[in-house]
Amino acid sequence: MKVLSVASEVHPLVKTGGLADVTGALPKALKQLGIEMRTLLPGYPGVMARLGKVRAAATYDDLFGAKARLVEADLDGLDLIVLDAPHLFDRAGSPYADATGREWPDNWKRFAALARAGADIAIRGLKAWKPSLVQAHDWQAGLLPAYLRYSGEAVPPSVMTIHNLAFQGRFDAAIFDALGLPAEAMSVEGVEYYGGVGFLKAGLQSADAIVTVSPTYAREIRRPEFGMGLEGLLNGRAHDLHGILNGIDDTLWDPQSDPDLKATFGPRSLAQRQKNRRAIEKRFGLERDDGPLMTIISRLTWQKGMDLVAQTLDRIVSTGVQLAVLGSGDHALEGAFLAAAGRHSGRIGVVTGYDEGLSHLLQGGADAILIPSRFEPCGLTQLYGLRYGCVPVAARTGGLADTIIDANDAALSAATATGILFDPGSADAIVAGCQRAAALYADAKAWASMQKAGMGADLSWRRRAGQYADLFTSLAGKPDQP
Ligand code: ADP
């Protein structure tokens, strides 16, 4: 089976969050199951620079205002199709915003172009290659299922995957005419969303199936607290809505061979983690201590509960934990974390910015990772934590609830506990979670048992990719034999 995946981020080419990890890893796992997945992504400057030799595959005389082309490349085991459209993507800044963090005003056009290109490949093929199914990721690819549905052509089935319902791609109704969709699409049954145009909404309405990244989040988003205005639509499509957990790329994230660690280790050599902890202490200016070292590796945002942590840092430190924080995002929150590091010198260390290598070292040397999200579609940092013996201390929501076994009495005595769960959205619950972590850490046997249980869990894509393969097959027929 041939599948076209369309996304705005793909690791290792461009990443701002978990979406990139997934789109970078899933094609490799599906290949083992006889599914040939090719990935279409925008030609940002960093992407074009990494590609090296490319093969031109198609051209546009006018794609939303100027010439563009599709080029093919193979990189790190990924089969890529890149939309090289300099007028849309050749600019400094992040994929979505300029260097000051202001979103590009023409984002609607940039990602409508991505979806249009994806639809063209799905309908006409690219050279001899024609997909039998299309997977669209998040709002940036949300128009794709709508372009297919309103094309009037025979089209392959499409799957809309939600990595985070909070980002919806909502735009003014005035953009509709430029999208190239028939007038009938501007309706509640189509792309219209609260008087404007909703890209994610369009995809959810038009795709043959909807996947989100954990079973719990798939249930949560049908309720108003999590549905962000889309709960009605999602309830109406409940039969087509699936929750499939993300896996991790366990070759990139392997504590036995990770080049970013000072010392590699496995479940039988956990003592090696101390060397990584020493390196973290040095980098974050932390004093040497016998208590637990907790890390945070996160976007510093409300979703991640980081405002609650920022308000509570003094109380967290009083539980006896040390904190090493790697994060970027909200400037006020960055300031609050840095100020707390000043007040608690040696107990709290903060590095602002995005540093992939440092995130590996933190997972390999910290004792625990704090993830107090208000909502969390799947979450990847707890999966990396589990694999690295860095015990997750996390809010009981979304994929966190699906992947962490709380250290209650029953789980501890059966040696199946892998972390600590607390109620989301409460500063008191975060402090209580840290207290439980500190108390459990003092029981070295119980702590090591949690680390080993987490490291023994199957977090790989192998099993989970099978669920995608089953869904794709049910929509498009049998995959080829691998
Ligand atoms: P989200 O996609 O909502 O940000 P996830 O937990 O799904 O959250 O994925 C976050 C990904 O980004 C993980 O791979 C995590 O390690 C990485 N990450 C987040 N913040 C940073 C940072 N400041 N530096 C390095 N990696 C980070």
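**Group meeting: a pocket, a cavity and some backbone details**

Helix 1 contributes the most residues to the lining of the second largest pocket, namely three. I start there, and I should say at once that what we have on the screen is a predicted model, so please take each value that follows as computed from that model.

To stay with this pocket for a moment, its volume is about 280 Å³. It is lined by 15 residues, and those closest to its centre are Lys28, Ala29, Asp249, Asp250 and Thr251. Two elements, helix 1 and helix 19 (461–476), each give two or more residues to that lining. Sorted by class, the lining has six nonpolar, four polar and five charged residues.

Now to the enclosed space. Rolling a probe the size of a water molecule over the atoms shows where empty space is left. How many cavities of 30 Å³ or more does a search of the whole structure find? The search finds one, and the space in this largest cavity comes to about 110 Å³. Of its 17 lining residues, His11, Asp21, Ala25, Asp249 and Leu252 are the closest to the centre. Helix 1, which covers residues 18–31, again gives the most to the lining, here with five residues, and the lining as a whole divides into nine nonpolar, three polar and five charged residues. If you want one residue to keep in mind, take Asp249, which is listed among the residues closest to the centre of the cavity and also among those closest to the centre of the second largest pocket.

His11 brings me to the backbone. Most residues other than glycine have a negative phi, and most peptide bonds are trans. The bond that joins His11 and Pro12, however, is a cis peptide bond, with omega at about 10 degrees, and Pro12 sits in the loop between strand 1 (2–6) and helix 1.

Two further residues have a positive phi without being glycine: Phe64, at about 50 degrees, and Tyr194, at about 45 degrees. Phe64 belongs to the loop between strand 3 (55–60) and strand 4 (68–75), while Tyr194 belongs to the loop between strand 9 (192–193) and strand 10 (196–198). Are these two side by side in burial, or opposite, buried or exposed? Phe64 has 16% relative accessibility and therefore counts as buried, whereas Tyr194, at 58%, counts as exposed.

Another loop residue is Asp98, found between helix 3 (86–89) and helix 4 (107–124). Its relative accessibility is 18%, so Asp98 counts as buried, and its side chain makes a polar contact of 2.7 Å with the side chain of Thr100.

Helix 17, residues 427–441, allows a simple check: at 1.5 Å a residue its 15 residues should span 21 Å, and because the end C-alpha atoms are 21 Å apart, the two values agree. At the start of helix 17, a side-chain oxygen of Ser426 comes to within 3.3 Å of the backbone nitrogen of Asp428. Buried residues of this helix include Ile430, Val431, Cys434, Leu440 and Tyr441.

Finally, the whole chain. It comes to 19 helices and 18 strands, and buried residues make up 61% of its 482 residues. The C-alpha trace spans about 65 × 50 × 45 Å along its principal axes. A compact globule of 482 residues would have a radius of gyration near 23 Å, and the chain has 23 Å, so the chain agrees with that expectation.

Conventions
Residues numbered from 1 in each chain as written. Predicted model: local features only at pLDDT ≥ 70, side-chain atom pairs only at ≥ 80, totals over all residues. Heavy atoms only, no water. 1 Å grid on protein atoms, 1.4 Å probe; cavity = no way out; pocket = protein on both sides within 12 Å on 5 of 7 lines; lining within 4 Å. Points joined across faces, edges and corners; volume = space filled by probe spheres on them. Helix = DSSP H or I, 4+ residues; strand = E, 2+ residues; numbered from the N terminus. Nonpolar A, V, L, I, M, F, W, Y, C, P; charged D, E, K, R; others polar. Expected span 1.5 Å × (residues − 1). Buried < 20%, exposed > 50% of the residue type's maximum accessible area, 1.4 Å probe, protein only. Polar contact = N/O pair within 3.5 Å; in protein donor to acceptor, adjacent residues only side chain to side chain. Rg over C-alpha atoms; globule rule 2.2 N^0.38 Å.
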